[in-house]
Amino acid sequence: MASAEPARNTISTHVLDTERGVPAAGVHVTLYRLDVSAAPIRMTQALTDADGRIRDLLERPLAAGEYRLEFDVAHEDGSFFTRIAVDLRITDTGRSYHVPLLLAPYSMTTYRGS
């Protein structure tokens with residue numbers, strides 16, 4: 001009997017358009033590593049799916065350190081914001097990190113989800 005491969009911990013996101021009450025599909029999100037070079041290093045980039053989600057931005061084993069999630073929201077109708085950057089510090093690599101973004105034309109909220 002083969003042993004199951006352990007789940008790989010990830011950094012994920014979910015973008016919601018709170019004005020319309022729908023997921024924000026097609027939002028360009030970039031993940032950067034901040035603490036390994038003099039300048040941010042782009043690790044991955046992806047578009048949110050039809051449900052406003054990106055299930056795995058990391059695409060490699062999770063390492064402790066500082067990261068940036070950058071959301072390009074310029075295409076959202078009527079948005080005051082064009083780009084939103086959220087910097088994170090990962091200390092516990094034994095869990096996954098989910099960072100939702102709730103977006104409205106003149107406000108945004110983010111938090112560490114479960």
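Valine 29 stands opposite alanine 46 in strand 4. On its other pairing, valine 29 has phenylalanine 71 of strand 6 as bridge partner. The model is a predicted one, and these pairings are read from its coordinates.

Start with strand 3, residues 28-33. Six bridges join strand 3 to strand 4, and the two run antiparallel. Another six bridges join strand 3 to strand 6, residues 65-72, again antiparallel. Along that second pairing, arginine 33 stands opposite tyrosine 67 of strand 6. Strand 3 is largely enclosed by the rest of the structure, because five of its six residues are buried.

Strand 6 carries the sheet onward. Eight bridges join strand 6 to strand 7, and these strands run antiparallel too. Here leucine 69 has valine 86 of strand 7 as its bridge partner.

Now put the pieces together. The four strands form an open sheet in the order 4-3-6-7, with antiparallel pairing. Its edges are strand 4 (41-47) and strand 7 (83-90), each of which pairs on one side only. Neighbouring strands of the sheet are turned by 20° against each other on average, direction ignored. Strands of a sheet pair through backbone hydrogen bonds, either parallel or antiparallel. In a regular strand, side chains alternate between the two faces of the sheet.

Next comes the nonpolar core. The largest one has 23 residues. Those with the most contacts inside it are Ile11, Leu31, Tyr67, Leu69 and Phe71. Some of these names are familiar from the strand pairings. Phe71 is the bridge partner of valine 29, and Leu69 is the bridge partner of valine 86. The elements giving two or more residues to this core are strand 1 (11-17), strand 3, strand 6, strand 7 and strand 8.

Take tyrosine 67 as a closer example. Leaving aside its neighbours within four places in sequence, tyrosine 67 is in contact with residues including Ile11, Leu31, Met43, Leu58 and Leu62. Its contacts also include Val86, Leu88 and Ile90. Charged residues appear on the list as well, among them Arg33 and Asp87. Arg33 is the residue that stands opposite tyrosine 67 across the strand pairing.

Aromatic rings tell another part of the story. A search of the whole structure finds two aromatic pairs. Phenylalanine 80 and phenylalanine 81 form one that is edge-to-face, 5.5 Å centre to centre with 75° between the planes. Phenylalanine 80 and tyrosine 106 form one that is tilted, 6.0 Å centre to centre with 35° between the planes. Phenylalanine 80 lies in the loop between strand 6 and strand 7, and tyrosine 106 in the loop between strand 8 (97-104) and strand 9 (107-110), so their pair ties together parts that are 26 residues apart in sequence. Ring pairs thus link Phe80, Phe81 and Tyr106 into a cluster.

Is this cluster's phenylalanine 80 buried or exposed? Phenylalanine 80 counts as exposed because its relative accessibility is 57%, above the cut-off of 50%. Tyrosine 106 is exposed as well. Phenylalanine 81, at 21% relative accessibility, counts as partly exposed.

One last ring deserves a look. The charged end of arginine 95 sits over the ring of tyrosine 97, 4.6 Å from the ring's centre.

Technical notes: Residues numbered from 1 in each chain as written. Predicted model: local features only at pLDDT ≥ 70, side-chain atom pairs only at ≥ 80, totals over all residues. Heavy atoms only, no water. Pairing = 2+ DSSP bridges. Axes fitted to C-alpha atoms, helices over the stretch in contact; angles between N-to-C directions. Phe/Tyr/Trp six-rings, centres within 6.5 Å; stacked < 30°, edge-to-face > 60°. Buried < 20%, exposed > 50% of the residue type's maximum accessible area, 1.4 Å probe, protein only. Lys NZ or Arg CZ within 6 Å of the ring centre and 35° of its normal. Core = buried A, V, L, I, M, F, W, Y, C linked by side-chain atoms within 4.5 Å. Contact = heavy atoms within 4.5 Å.
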